[in-house]
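Hi,

Here is the structure I said I would pass on. Have a look at it first, and then read my notes underneath.

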Amino acid sequence: MTATTPRTTRRLGRRFWWWVLTALLLALAFVWVFPFIWMVSASLKTSGEIFGGGLGLIPETLQWENYSRAWIDGRFNIYLLNTVIVTVATTAIVVVRCALAGYVLGRYRFPGSRLVIAILVATLFVPTGYTIIPVVKLSMELGLLDSLAGMILALAGAANVASILIYAGYFRGMPAELEEASIVDGAGFVRTFTQIMLPLSMPVTATVGILTFLFTWNAFFLPLVFSFSNPALRTVSVGMQAFVGENSTDWPGMAAAGVISLLPIVALFVFMQRYFVEGIAGAVKS
């Protein structure tokens, strides 16, 4: 028999703990994604199967009409279009605004710059509910309360402090030679920002874009207020109320609507995850 050396024993011990850790992480990952898997399963079941089948994931018969009911009867074809319009427009406005603010705060030192940053950070502690009344009143006076334009401006008008600080940290880490070379070539502030600095900040732009997209897509309070008197303006998060009746709730239709509303988010993150990680890493490093 071959004697077991101390090195072999240590290697076997490390491999054993590696498999244990892998098994624990896989179990944790399954617990983490199980609600989404269950929702997909519930979207293909009847109401009786949902409540009678416990945590079972395999439907007896695939109920594809749940998606048709959610799409047409639940008006998710309209709500999804509203959500796309509001989310894309809000994300574009926030990215441009935060990039400009982050560029100035990250690259320039001016009197009161630290005070500006302190005020921005302080706004993080102001609850959203405290600002809804002035936002609604201003929108009413501008005639924007029952419109997608008003909803977009209200969502894009938030402080977005985290996005500004991510941009500021990223721009602060860029070499000063880039701006010096652009000044030598005769470029001004706008040209330097749009043609040099902003294209180089694509990773952090993707990060801010994804964070803003997620926040806007899942927003409920402001879209609810702006679509309260006009249900045709609802977004997908507010549109879930369409499946709750006075005496019953269409749980399979709601699950199907939930799957429909989540698919664009999953697709976006899969496509942009590399830029998202690079942007977060670059901002933290700076």
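Why does helix α7 (residues 148-156) count as largely enclosed by the rest of the structure? Before I get to that, please keep in mind that this is a predicted model.

On to α7, then. Seven of its nine residues are buried, so the helix is largely enclosed by the rest of the structure. If you want to click through them, the buried ones in α7 are L148, G150, M151, I152, A154, L155 and A156. As for what surrounds them, the buried residues of α7 pack against four helices: α4, α6 (132-142), α11 (202-218) and α12 (221-226).

Next, the domains. The chain's domain assignment splits it into domain 1, covering 12-53, and domain 2, covering 75-283. Measuring between centres over C-alpha atoms, domain 1 and domain 2 sit 32 Å apart. In the contact, domain 1 takes part with 10 residues and domain 2 with seven residues.

How much area do domain 1 and domain 2 bury between them? The figure comes to about 660 Å², and 85% of it is on carbon and sulfur atoms. On the domain 1 side, three residues are worth colouring in your viewer: F36, M39 and S43 supply 54% of the area that domain 1 buries against domain 2, more than any other three residues.

I also went looking for charged and polar pairings across that interface. Between domain 1 and domain 2 the salt bridge count is zero. Polar contacts turn out likewise: zero residue pairs are found across the interface of domain 1 and domain 2, with both residues required to be at pLDDT 80 or more.

Which elements give two or more residues to the side of domain 1 that touches domain 2? They are α1 (6-42) and α2 (47-52), and α1 provides the largest share, with four residues. By type, the residues on this side of domain 1 divide into six nonpolar, three polar and one charged.

One last thing, about a single residue in a loop. R75 lies between α3 (65-73) and α4 (76-107). Its phi is near 60 degrees, which is a positive value in a residue other than glycine. Is R75 buried, exposed or partly exposed? R75 counts as partly exposed because its relative accessibility is 34%, and the partly exposed class runs between the 20% and 50% cut-offs.

That's what I have for now. Shout if anything is unclear.

Cheers

Terms used
Residues are numbered from 1 along each chain as its sequence is written. This is a predicted model: local features need pLDDT of at least 70, side-chain atom pairs count only at pLDDT 80 or more; totals for chains, interfaces and linings use all residues. Side-chain values use heavy atoms; hydrogens and water are left out. Domain bounds come from an automatic or database domain assignment. Contact means heavy atoms within 4.5 Å. Buried area is the accessible area (1.4 Å probe) that two parts lose on being put together, summed over both. A salt bridge is a side-chain nitrogen of Lys or Arg within 4 Å of a carboxyl oxygen of Asp or Glu. A polar contact is a pair of N or O atoms within 3.5 Å; within protein, one must be able to donate a hydrogen and the other to accept it, and residues adjacent in sequence count only if both atoms are side-chain atoms. Ala, Val, Leu, Ile, Met, Phe, Trp, Tyr, Cys and Pro count as nonpolar, Asp, Glu, Lys and Arg as charged, and the others, Gly among them, as polar. Buried means under 20% relative accessible area, exposed over 50%, partly exposed in between (1.4 Å probe, protein chains only).
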